[in-house]
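I opened the file to see how this chain is put together. My notes follow in the order I looked things up.

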Amino acid sequence: MGLLLDAGYLAAAVAGSPYLIPHLARRGNLVADWSARLGDGEGLAPPRAPRVLLHGVSLGEINACRGLVPALAGAADSEAALEVVIAATTSTGLRRAIDLFEPEHAVVQYPLDLSWAVRRFLDRIQPDLVATVELEVWPNLVEACARRGIPVVVVNGRLSPRSFKGYRRVRPLLAPTFRRLQAVFAQDEEYAGRFEALGVERGRITVTGSMKWDSMVLADEVPGADALAESLGIDRSRPLVVAGSTAPGEPELL
């Protein structure tokens, strides 16, 4: 299975290179640590406690983990404390993870889903549990973890209609991967139903709501607010209403 997937990934990369190369260049990911993306790098010290590898793709997923990481880590002297390692895929996600979590927690580059890269990566990190944020269910990683007895779970799980439609087309190929998931913590019932349709046992799915509310920081003063207001021409002596992610008709109501 791993070799077939590797061949498929490489064939897709070659076929899509005319699009992929300019796309990666625009996003600043063409010049990257390709050694780390292929699973290489320094190994981590032996774990002090059960080690959780928490994987978020980019900026949004990493930001969503701001409340989860300290909740998992707990108090250092607690018997329930876990050692958390954060992995990110994109350069922006990696930089954000470093800003948020180092030096308290190790931050690593997530590898490409090539079988040998995944094996190298797991050898280095030695996790006891792998938790992926929102989706990111990669077949080679899940299979490699299953071989090593490492549970894989999805947190803040979501499957957009577009993603679900794409996964449904190749369900016979991906169903074994989804069946291997030990747990899915979905944002709502609709997402939960989509995970079940792709092969996750219903008994392993729990609806927990969205983690983005857990990561909200409410404060009377925010660093840089005065400079930002001045640059935007905002009078800070007057009330200010910010409407984010509005629905049709709501701006008119405001």
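Entry 1, the whole chain. I started with burial and found that buried residues make up 39% of the 254 residues in the protein chain. I noted that this is a predicted model. I then looked up the outer dimensions: the C-alpha atoms fill a box of roughly 65 × 45 × 40 Å, taken along the principal axes. The accessible surface comes to about 14900 Å², and 57% of that belongs to carbon and sulfur atoms. I also checked the charges, 27 positive and 30 negative, and their mean positions are 9 Å apart.

Entry 2, the elements. I listed 12 helices and seven strands in the protein chain. For contacts between residues at least 6 apart in sequence, I found that 62% join residues at least 24 apart.

Entry 3, the sheet. In what order do the seven strands lie? I read the order as 3-2-1-4-5-6-7, in an open sheet with parallel pairing. Strand 3 (106–109) and strand 7 (205–207) are the edge strands, and each pairs on one side only. From one strand to the next, the twist averages 20 degrees.

Entry 4, helices on the sheet. I found that helix 6 (residues 115–125) packs on the sheet and touches strand 1, strand 2 (83–88) and strand 3. The direction of helix 6 makes about 170 degrees with that of strand 3. Helix 10 (residues 189–197) also packs on the sheet, where it touches strand 5 (152–157), strand 6 (183–186) and strand 7. The direction of helix 10 makes about 170 degrees with that of strand 7.

Entry 5, the pairing around strands 1 and 2. I counted the bridges pair by pair. Strand 1 (residues 51–56) is joined to strand 4 (residues 129–133) by four bridges, and Leu54 has Ala131 as its bridge partner in strand 4. Six bridges join strand 1 to strand 2, with Val52 opposite Val84 in strand 2. Four bridges join strand 2 to strand 3, with Ala87 opposite Val108 in strand 3.

Entry 6, strand 2. Is strand 2 mostly covered or mostly open? I found it mostly covered, as six of its six residues are buried. In a regular strand the side chains alternate between the two faces of the sheet. I checked the directions here: Glu83, Val85 and Ala87 point one way, and Val84, Ile86 and Ala88 point the other way. All of these residues are buried.

Entry 7, Val130. I picked one residue of strand 4, Val130. Why does Val130 count as buried? Its relative accessibility is 0%, and buried means under 20%, so Val130 falls below the cut-off. Leaving out residues up to four places away in sequence, Val130 touches Leu53, Leu141, Cys145, Ile150, Pro151, Val152 and Val153. I also looked up Lys165, which is 35 residues from Val130 along the chain, and the C-alpha atoms of the two are separated by 26 Å.

Entry 8, helix 7. Two of the contacts of Val130 are Leu141 and Cys145, and I found both among the buried residues of helix 7. The others on that list are Pro139, Asn140, Val142, Glu143 and Ala144. Helix 7 (residues 139–148) is largely enclosed by the rest of the structure, because seven of its 10 residues are buried. Just after helix 7, I noted that Gly149 takes a positive phi of about 75 degrees.

Notes
Residues numbered from 1 in each chain as written. Predicted model: local features only at pLDDT ≥ 70, side-chain atom pairs only at ≥ 80, totals over all residues. Heavy atoms only, no water. Buried < 20%, exposed > 50% of the residue type's maximum accessible area, 1.4 Å probe, protein only. Helix = DSSP H or I, 4+ residues; strand = E, 2+ residues; numbered from the N terminus. Contact = heavy atoms within 4.5 Å. Areas by Shrake-Rupley, 256 points an atom, 1.4 Å probe, with all protein chains shown as cover. Lys, Arg positive; Asp, Glu negative; His and termini not counted. Charge placed at Lys NZ, Arg CZ, Asp CG, Glu CD. Pairing = 2+ DSSP bridges. Axes fitted to C-alpha atoms, helices over the stretch in contact; angles between N-to-C directions.
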